[in-house]
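Please open the structure in your viewer and keep the selection panel at hand. The tour below proceeds by selection, stating at each stop what is to be found there.

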Amino acid sequence: MFLDEPTGALDEKTGREVLDYIIKMQKKNGFTTVMVTHNTNIAETADTVIQMNSGIITNIYKNATPKTAYEIGW
């Protein structure tokens, strides 16, 4: 599933609920999600994060323990 700023226009509570729902569905159904975001808190929910600047990859890292939106306090 490809998502572009899925929580961009949402209030904090609704954004957390949407993010946690996406994570739940992803784990239940075993699909990959590619999410574009400028919010580094949301990036903490990912297994792998690719940072880009002007279309160039500047960093790739794997989270040791991905968190839920509620765990990161977003």
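## First stop: Ala46

Select Ala46, which is found in the loop between helix 2 and strand 3. Ala46 is partly exposed, its relative accessible area being 22%. Now add Ile23 to the selection and draw a distance between the two C-alpha atoms: Ala46 and Ile23 stand 23 residues apart along the chain, and these atoms are separated by 8.9 Å.

## The whole chain

Before proceeding, return to the full view and bear in mind that this is a predicted model. The protein chain contains 2 helices and 4 strands, and along the sequence they follow the pattern β-α-β-α-β-β. Colour the chain by confidence: the average pLDDT is 83, and 85% of the residues score at least 70. Strand 1 (residues 2-4) has the highest confidence, at a mean of 92, whereas helix 2 (residues 40-43) has the lowest, at 76. Where pLDDT is low, the predicted coordinates should not be read in detail.

With a surface displayed, the protein chain exposes about 5,300 Å², of which carbon and sulfur atoms supply 55%. Buried residues account for 26% of the 74 residues in the protein chain. If contacts are displayed between residues at least 6 apart in sequence, 47% of them join residues at least 24 apart.

## The start of the chain: Met1 and Glu5

Select Met1, in the segment before strand 1. Met1 counts as partly exposed, with a relative accessibility of 41%. Which residues does Met1 touch, not counting residues up to four places away in sequence? They are Ile22, Phe31, Thr32, Thr33 and Val34. Of this group, take Ile22 for a distance: Met1 and Ile22 are 21 residues apart in sequence, and their C-alpha atoms are 9.7 Å apart in space.

Move on to Glu5, in the loop between strand 1 and helix 1 (12-29). The backbone merits inspection here, for phi of Glu5 is near 50°, a positive value in a residue other than glycine. Glu5 counts as partly exposed, at 28% relative accessibility.

## Helix 1: salt bridges

Display the side chains of helix 1. How many salt bridges are counted? The count comes to 2.

Select Glu12 and Arg16 for one of these salt bridges; their side chains meet at 2.9 Å, N to O. Both residues lie in helix 1, 4 residues apart, about one turn of the helix. Are Glu12 and Arg16 buried or exposed? Glu12 has 45% relative accessibility and counts as partly exposed. Arg16, at 16%, falls under the 20% limit and therefore counts as buried.

Next select Glu17 and Lys13, whose side chains meet in a salt bridge at 2.5 Å, N to O. Glu17 and Lys13 are 4 residues apart in helix 1, so about one helical turn separates them. Glu17 counts as partly exposed, at 36% relative accessibility.

## Strands 3 and 4: the hairpin

Select strand 3 (residues 48-53) together with strand 4; the two run antiparallel and are joined by 6 bridges. They form a hairpin with 2 residues between them. To follow the register, centre on Gln51, which stands opposite Asn59 in strand 4. Ile50 likewise can be paired by eye, as it stands opposite Ile60 in strand 4.

At the turn, select Ser54, in the loop between strand 3 and strand 4. Ser54 is not a glycine, yet its phi is positive, at about 55°. Ser54 has a relative accessibility of 71%; this is over the 50% limit, and the residue therefore counts as exposed.

Now restrict the view to strand 4 (residues 56-62). How many buried residues are there among its 7 residues? The count is 0, and the strand is hardly covered.

## Last stop: a nonpolar patch

Finally, show the surface of Ile50, Met52, Ile57 and Ile60, which form a nonpolar patch with about 410 Å² of accessible area together. Strand 3 and strand 4 are the elements that give two or more residues to this patch. End on Ile50, which lies in strand 3. The relative accessible area of Ile50 is 49%, and the residue is partly exposed.

Terms used: Residues are numbered from 1 along each chain as its sequence is written. This is a predicted model: local features need pLDDT of at least 70, side-chain atom pairs count only at pLDDT 80 or more; totals for chains, interfaces and linings use all residues. Side-chain values use heavy atoms; hydrogens and water are left out. Buried means under 20% relative accessible area, exposed over 50%, partly exposed in between (1.4 Å probe, protein chains only). Two strands pair if DSSP finds at least two bridges between them. pLDDT is the predictor's confidence in each residue, from 0 to 100. Contact means heavy atoms within 4.5 Å. Accessible areas come from the Shrake-Rupley method with a 1.4 Å probe; for residues, only the protein chains shown count as cover. Patches are made of residues with over 30% relative accessible area and no salt bridge: like charges are joined within 9 Å, nonpolar side chains (Val, Leu, Ile, Met, Phe, Trp, Tyr) within 5 Å. A salt bridge is a side-chain nitrogen of Lys or Arg within 4 Å of a carboxyl oxygen of Asp or Glu.
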